[in-house]
Amino acid sequence: MSFDTFVFYMFATVAAISAMRVVTVRNPVHAALFLVVSFVSTAGVWLLLEAEFLAITLVLVYVGAVMVLFLFVVMMLDINIAQLREGFWRWFPFGLTLALIMVVQMVAVVGNRQTIETSVMIAKHAADYSNTKELGRIIYTDYVYPFELAAIVLLVAIIAAIALTLRHRKDAKSQDVAQQVAVQRKDRIRVVSMPSERKES
């Protein structure tokens, strides 16, 4: 067994165990931390595949930003764990069926002869090869329409999240920029005519 194979199995084992602990641990904070470990291990696997840009993006975006946000939300909200686990056994058959479908799909993809031949025929690139440039070329040429569609879906999700969480309060004060710009002098200033005063000698 070569060193690269050993490192791959080490990262894959850590990622699989931590992913399993994400859904089995009772404490949501511990689940978020196990998800961080899974992300870091996956980034290590991507480094072995010479996808350095994807690896560092995964660490910076998900571990450095998204998971920190999850931890803040979990720690600040008073989550009733018992209430969340009430419908576990009711949805267990559906979850088990979905998990089996995903396992069958992964086995079909990994066990495919074309996938095996493609993974074996991975060529070594030159020293000046940039996977970031190649990734950008593929995204904005071959997959430009799926990329734009994903961007639209994310935009719709952001708008929907804002619309669902927006609450109008009667006592809240807000600025009306158009009203401020359209204001006139007579609306703000009142000129009062007063007799002049004389100092007594």
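A residue counts as buried here when its relative accessible area is under 20%. Keep that cut-off in mind, since we'll lean on it throughout this predicted model. Of the 201 residues in the protein chain, 10% count as buried.

Let's start with the overall layout. The protein chain has ten helices and zero strands, so if you walk along the chain from the N terminus, the elements simply read α-α-α-α-α-α-α-α-α-α. Now look at the contacts in the protein chain with a separation of 6 or more: 59% of them are between residues 24 or more positions apart.

A good place to zoom in is Ser 18, which sits in helix α1, the stretch covering residues 3–24. Is Ser 18 buried or exposed? Its relative accessibility is 3%, so Ser 18 counts as buried. The side chain of Ser 18 has a polar atom 3.0 Å from the backbone oxygen of Ala 15. Leaving aside residues up to four places away in sequence, Ser 18 touches Phe 34, Val 37 and Ser 38.

Follow the last of those names and you arrive at Ser 38, found in helix α2. Ser 38 has a relative accessible area of 10%, which means that this serine is buried as well. Seen from the Ser 38 side, and again not counting residues up to four places away in sequence, the neighbours touched are Ala 15, Ser 18 and Ala 19.

Helix α2 also has a partner further along the chain. Two packed helices are described by the angle between their axes and the distance between the axes. For helix α2 (residues 28–48) and helix α3 (residues 52–76), the angle is about 175° and the axes are 9 Å apart. Angles over 145 degrees count as roughly antiparallel, and α2 and α3 are therefore roughly antiparallel to each other. On the α2 side, the residues making the contact include Pro 28, Val 29, Phe 39 and Trp 46, while those on the α3 side include Glu 52, Leu 58, Tyr 62 and Met 75. What kinds of residues make up the contact of α2 with α3? They divide into 21 nonpolar, one polar and one charged.

Next, the aromatic rings. A pair of aromatic rings is described by the distance of the centres and the angle of the planes. The count comes to four aromatic pairs, taking rings whose centres lie within 6.5 Å. One of them is Phe 39 with Tyr 62: the ring centres are 5.4 Å apart and the planes are at 55°, so the pair is tilted. Phe 39 belongs to helix α2 and Tyr 62 to helix α3, so this pair links distant parts of the chain, 23 residues apart. Phe 39 is buried, at 18% relative accessible area, whereas Tyr 62 is partly exposed, at 41%.

Another pair joins Trp 91 and Phe 94, and here the arrangement is edge-to-face, with 6.1 Å from centre to centre and 80° between the planes. Where do these two sit relative to each other along the helix? Trp 91 and Phe 94 are three residues apart in helix α5 (residues 88–110), so about one helical turn separates them. Trp 91 has a relative accessible area of 52%, which makes it exposed. Phe 94, at 53% relative accessibility, counts as exposed too.

For the last stop, go back to helix α3 and find where it packs with α7. The angle between α3 and α7 is about 85°, with their axes 8 Å apart. Since angles of 65 to 115 degrees count as roughly perpendicular, α3 and α7 are roughly perpendicular to each other. The contact is made by Glu 52, Phe 53 and Leu 54 of α3 together with Asn 131, Thr 132 and Leu 135 of α7. These residues divide into three nonpolar, two polar and one charged.

Thr 132 is worth a look of its own. This threonine is found in helix α7, which covers residues 131–139, and at 37% relative accessibility Thr 132 counts as partly exposed. How far apart are the C-alpha atoms of Thr 132 and Phe 53? The separation is 5.9 Å, even though the two residues are 79 residues apart along the chain.

Conventions:
Residues numbered from 1 in each chain as written. Predicted model: local features only at pLDDT ≥ 70, side-chain atom pairs only at ≥ 80, totals over all residues. Heavy atoms only, no water. Helix = DSSP H or I, 4+ residues; strand = E, 2+ residues; numbered from the N terminus. Buried < 20%, exposed > 50% of the residue type's maximum accessible area, 1.4 Å probe, protein only. Polar contact = N/O pair within 3.5 Å; in protein donor to acceptor, adjacent residues only side chain to side chain. Contact = heavy atoms within 4.5 Å. Axes fitted to C-alpha atoms, helices over the stretch in contact; angles between N-to-C directions. Parallel < 35°, antiparallel > 145°, perpendicular 65-115°, else oblique. Nonpolar A, V, L, I, M, F, W, Y, C, P; charged D, E, K, R; others polar. Phe/Tyr/Trp six-rings, centres within 6.5 Å; stacked < 30°, edge-to-face > 60°.
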